[in-house]
Amino acid sequence: MIEILSAAEISRARRTGALVAAILQALKQQSTPGTNLLDLDRAAAVMIKEAGAVSCYVDYAPSFGRGPFGHYICTSVNDAVLHGLPHDYTLAAGDLVSLDLAVSLAGVAADSAISFVVGDPASPGGDPLIAATEEALRAGIAAAGPGARIGDISYAIGSVLTQAGYSVNTQYGGHGIGSTMHQDPHVPNLGRPGRGYKLRPGLLLALEPWVMADTDQLVTDPDGWTLRSASGCRTAHSEHTVAITSDGVEVLTLPE
Ligand code: MG
Ligand code: MG
């Protein structure tokens with residue numbers, strides 16, 4: 001089912017989006033060498049509770065995971081790319097970390113992910129994997145708006161990733177969001193323009209390009225959740241929740 005939100009619900013979604021962005025930025029600040037992933041998870045839990053929000057992850061038990069997730073944030077480090085289950089791992093300088101967070105506040109969910117390198121950046125221009133996912137996300141957002149189609153977004157995201165030299169895995173992609181975290185329509189990270197569902201004002205989408213440096217194959221950890229690159233290469237993931245408005249698109253999970 002595709003949910004179209006009312007103006008009042010969109011205004012609640014703005015608050016949820018701002019909260020998700022603020023928590024992610026706080027966790028990024030905390031992700032210094034020596035920080036344990038379980039500390040980040042506990043910090044996320046405290047911030048979610050203090051804001052009166054509800055975690056979309058703790059009780060999450062989809063068909064593809066060994067549910068329930070039981071944690072408040074996804075922590076995917078280096079070769080881990082999606083659904084990283086927080087565990088007893090201490091961050092070191094140079095680790096490429098992806099944090100993915102979804103919460104619900106006043107009945108509306110928002111979902112965002114950021115990637116960054118712990119300590120000094122990997123190179124003066126930043127990490128190329130992160131740069132590619134961020135550019136693909138910007139392109140996907142720019143392709144969205146009333147009357148555009150899902151395929152326009154997919155094409156925009158996929159074009160950036162493939163032109164940067166990455167092969168795109170289409171097992172996981174973006175999605176509708178609203179009263180729950182994962183809804184229709186699915187937003188693949190590859191596609192053809194002019195195809196698929198036509199976007200309408202009031203639709204909320206989570207767009208989430210992700211890449212692996214030299215493979216498009218995933219393996220699942222023994223933990224039943226964490227998805228890693230099959231080759232052991234580094235990976236990155238960037239995600240924003242956006243609202244389709246009457247005259248364009250509004251990003252709800254931008255940091256202040
Ligand atoms: Mg997410
Ligand atoms: Mg998502």
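Me: What does buried mean here?
Reply: Buried means under 20% relative accessible area, while exposed means over 50% and partly exposed lies in between, computed with a 1.4 Å probe on protein chains only. E239, with a relative accessible area of 1%, counts as buried.

Me: How is this model read and numbered?
Reply: This is a predicted model, where local features need pLDDT of at least 70, side-chain atom pairs count only at pLDDT 80 or more, and totals for chains, interfaces and linings use all residues. Residues are numbered from 1 along each chain as its sequence is written, chains are lettered from A and ligands numbered from 1 in the order in which they are written, and side-chain values use heavy atoms, with hydrogens and water left out.

Me: Which protein donors hold the magnesium ion (ligand 2)?
Reply: Donors are N, O and S atoms within 2.8 Å of the metal (3.2 Å for Na, K and Ca), and because water is not among the atoms, sites may look incomplete. At 2.1 to 2.2 Å from this magnesium ion (ligand 2), the protein donors are D111 (OD), H175 (NE2), E208 (OE) and E239 (OE).

Me: How many residues apart in sequence are the parts that D111 and E239 tie together?
Reply: Strands (E, at least two residues) are DSSP runs, numbered from the N terminus. D111 lies in strand β5 (residues 108–117) and E239 in the loop between β12 (235–237) and β13 (240–244), so the parts tied together are apart in sequence by 128 residues.

Me: Which residue bridges the magnesium ion (ligand 1) and the magnesium ion (ligand 2)?
Reply: These two ions lie 3.1 Å apart. The bridging residue is buried, at 2% relative accessibility, and its name is D111.

Note on methods:
Helices (H or I, at least four residues) and strands (E, at least two) are DSSP runs, numbered from the N terminus.
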